[in-house]
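Q: Hi! I'm new to this one. Could you walk me through it?

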There are 2 protein chains.
Amino acid sequence: MTKQDTREAAFLADFASMSSFGATAGGGIDRQAATLPDAQVRTWLRGILESRGFRVHFDKIGNQFALFELVPGAPYILAGSHMDSQPFGGRFDGSYGVLAAAHAAMRWVENLRESGETAKYNIGVVNWFNEEGSRFKPSMMGSSVLTGKLTIEDALASQDHDGVTVGEALEALEMIGTEEAPKIAGYAEIHVEQGHTLEDRGLTIGLVESTWGAVKYDITVKGDQAHSATRMQDRHDALVGASKLVIAAREIADEFLARGVDIVTSCGEFTVFPNSPVVVPSEVRMLMDIRCIDADELTKADEALRARWAGIEEYAAVTIEQQESHSWGANPYDDAGIELARACAADLGLSHDRAFTVAGHDSTNMKDHVPTVMLFVPSVDGISHNEKEYTKDEDLLDGVTLLTEVVTRMTRGALDA
Amino acid sequence: MTKQDTREAAFLADFASMSSFGATAGGGIDRQAATLPDAQVRTWLRGILESRGFRVHFDKIGNQFALFELVPGAPYILAGSHMDSQPFGGRFDGSYGVLAAAHAAMRWVENLRESGETAKYNIGVVNWFNEEGSRFKPSMMGSSVLTGKLTIEDALASQDHDGVTVGEALEALEMIGTEEAPKIAGYAEIHVEQGHTLEDRGLTIGLVESTWGAVKYDITVKGDQAHSATRMQDRHDALVGASKLVIAAREIADEFLARGVDIVTSCGEFTVFPNSPVVVPSEVRMLMDIRCIDADELTKADEALRARWAGIEEYAAVTIEQQESHSWGANPYDDAGIELARACAADLGLSHDRAFTVAGHDSTNMKDHVPTVMLFVPSVDGISHNEKEYTKDEDLLDGVTLLTEVVTRMTRGALDA
């Protein structure tokens, strides 16, 4: 067995162990932020990295850092992702990136020990807190706090559906610390693609060059509660109004796709009140989004959706209230990072091309903060946020090999300005 | 002050007290079955009736009976309704009928004491358990068990959303007994109309002659969970499919109404899984119904709805599974009971006419079991299952006067075959 074979077997064995935390019957994981399985997998990761000489701690928002200080006082190149999942999510999303970072960092330590080389920067692994945002909003919470996009106070006060705050949940599971995050000189993240463009093109590696733009809507449709015996003309049926909104978003996507525009529209959260069998619903709260690579088309889709609101209000005799709307344009990653990743992939003989990310990642926060590299490996059929999410072993392993090379060059200062 | 004035003031004072149990800020009540407010209002009712010499007990499914035995061993004429409510329901629905029954029974006792008359039957008040069915399904639970339409075992095992059974909830609040229900010779119920046909016609009393027919659907729309970044063509969006079903039911009602058919269609319960902001929903569970007075049109509406399923399955790439469907035709009340109520209203000089009930009531069960009378008083704007539900004092009081006369004649044997 070559050293590489041993390393790869170790990675796959660790990956299987990791997938047992919050494992579901359907082959996925249910490991929402600050739940017991989330705490367990963090303790397990700590064991792996402490035994290799890393110092592991939590910061004040529950981000987990594992640091290896080779160069006293020097900043860190961090690699990582998140180990929390959606309810009934896949075992690759996020988790793969953290474990790949851990193995890349362990290989880096081993390689430098063997070669006697030194580096400009130290290496660290990060397991961000609450990337998914399913239990506690907003998503990408840990990296948002670290990069100053969200205050620690607002993050800790965020409540789940049962009124439990992030602060309480973190304290209860001892997933919170007092230490600051380390000084960071650069960030690298690898993730399974949430789509199948790599698979379609027969590529092993995606060099992420941009996020898509997005508009996110937080909407309440307000009607008036009534007995389901109430005559149709006397109703103000919030569910009819909200259903029309869901269909409107779908129809807009269909129209834009027919014109050749790459776009997706979704409604993921949709909660009906009072939700009782013989009651015409009084209210529906819904979170919708439109995502598109093209800023002009995104604006047009947003306008097209809003243009339908008055008609829906009239049809269902309801009011549509928007609590909040966030939007951002397509957000590019630095060319230097993309070029570094390209060179590493080429040198390793891994097939690769540029790719977009429709979804947000912790690297979307980090790239505005420090030099950042974002990598994809393929996902079979592009299945994501689903227990059936799957990436082939060889792709997982090639990703770890590439990430090791990327962080190695970054610790030598490859992305220094 | 006349005796009638004193009685009416006492009724309105009791009505105000009763409305404090589970009172909501919006002027309604939230008094779901086997919750603390439901238990409280029952203890309060017991106090009122025990102090007038009634014997009060619960049966094995939590129906509350208050019995006055004037004629030893004779069966009872029962009057009543239910004091449980929908979430954020009105303070009249059901509760009015129980309090009207209590006052009618107290007046009956007082009248017979004063006149020295006797009667063929005894009088009793019933507060049925769980008419609403919002917390525990099915609705009309207590009267269904009493009339043998539901087994006591199935009723006690029914679970709420937290997995608490009816049996556990009743035990915890000591709302359950060991005694059998009394022997029943007839049943009378008064209720606020859940519509505004009486108001529109300027009538005080509705003589309920029939229920509407209904088809009830318990449907699960199954898609496949995905990231909201997933391409539209790769999705199996359960929420898009379920929204189409909601709109289909509305459109069918519109089409039938345009042809002059009286019909209502509704979806009251609609629960989305996993209900997370960035996840394409995997599943929606929904309870829908169609109600119509005309059996042929009801069948056509049911067929029209089902005819759309295949198209919806294709549109959203989902499957529509029906767990259960119940249906019943328009269900008439006995002419003898309607004629008795008509004669009483005419003798009292109360304006009246026949009416339909679109909703089910405990009397819908009882009328298949014993001679039954069902009465309506008007509801302003027909508002129902809503905190703003309202009936004028004079209508409430006329209803109690009429109910007193009806039960008085029933205890004399007016509805004996």
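A: Happy to; we can start with how the chains pair up and then turn to one helix, keeping in mind that this is a predicted model.

Q: What turn lays chain A on chain B?
A: A turn of 180°, with a shift of 0.0 Å along the axis, and the RMSD is 0.1 Å. The two copies are thus related as by a two-fold rotation axis.

Q: Which C-alpha of chain A is nearest the axis?
A: That of Ser243(A), which lies 2.2 Å from the axis.

Q: And how many residues are in contact between the chains?
A: On the chain A side there are 64, and they touch 64 residues of chain B. The same surface serves both copies, since 100% of the contact residues of chain A recur in chain B.

Q: What area is buried between chain A and chain B?
A: About 5,300 Å², with carbon and sulfur atoms giving 52% of that.

Q: How many salt bridges are there across the interface?
A: Four are found between chain A and chain B. Among the salt bridges is the one where the side chains of Lys388(B) and Asp224(A) meet, at 3.1 Å from N to O.

Q: New topic: which residues of α1(A) are buried?
A: They are Arg7(A), Glu8(A), Phe11(A), Asp14(A), Phe15(A) and Met18(A). Seen down the helix axis, these buried residues fall within an arc of 125°, so they line one face of α1(A).

Q: What covers the buried residues of α1(A)?
A: The cover includes α2 (36-50), α3 (95-115) and α13 (393-411) of chain A.

Methods. Residues are numbered from 1 along each chain as its sequence is written. Chains are lettered from A and ligands numbered from 1 in the order in which they are written. This is a predicted model: local features need pLDDT of at least 70, side-chain atom pairs count only at pLDDT 80 or more; totals for chains, interfaces and linings use all residues. Side-chain values use heavy atoms; hydrogens and water are left out. Buried means under 20% relative accessible area, exposed over 50%, partly exposed in between (1.4 Å probe, protein chains only). Helices (H or I, at least four residues) and strands (E, at least two) are DSSP runs, numbered from the N terminus. The arc is that of the directions from the helix axis to the C-beta atoms. Contact means heavy atoms within 4.5 Å. Copies are superposed by least squares on the C-alpha atoms of residues with pLDDT of at least 70 in both. Buried area is the accessible area (1.4 Å probe) that two parts lose on being put together, summed over both.
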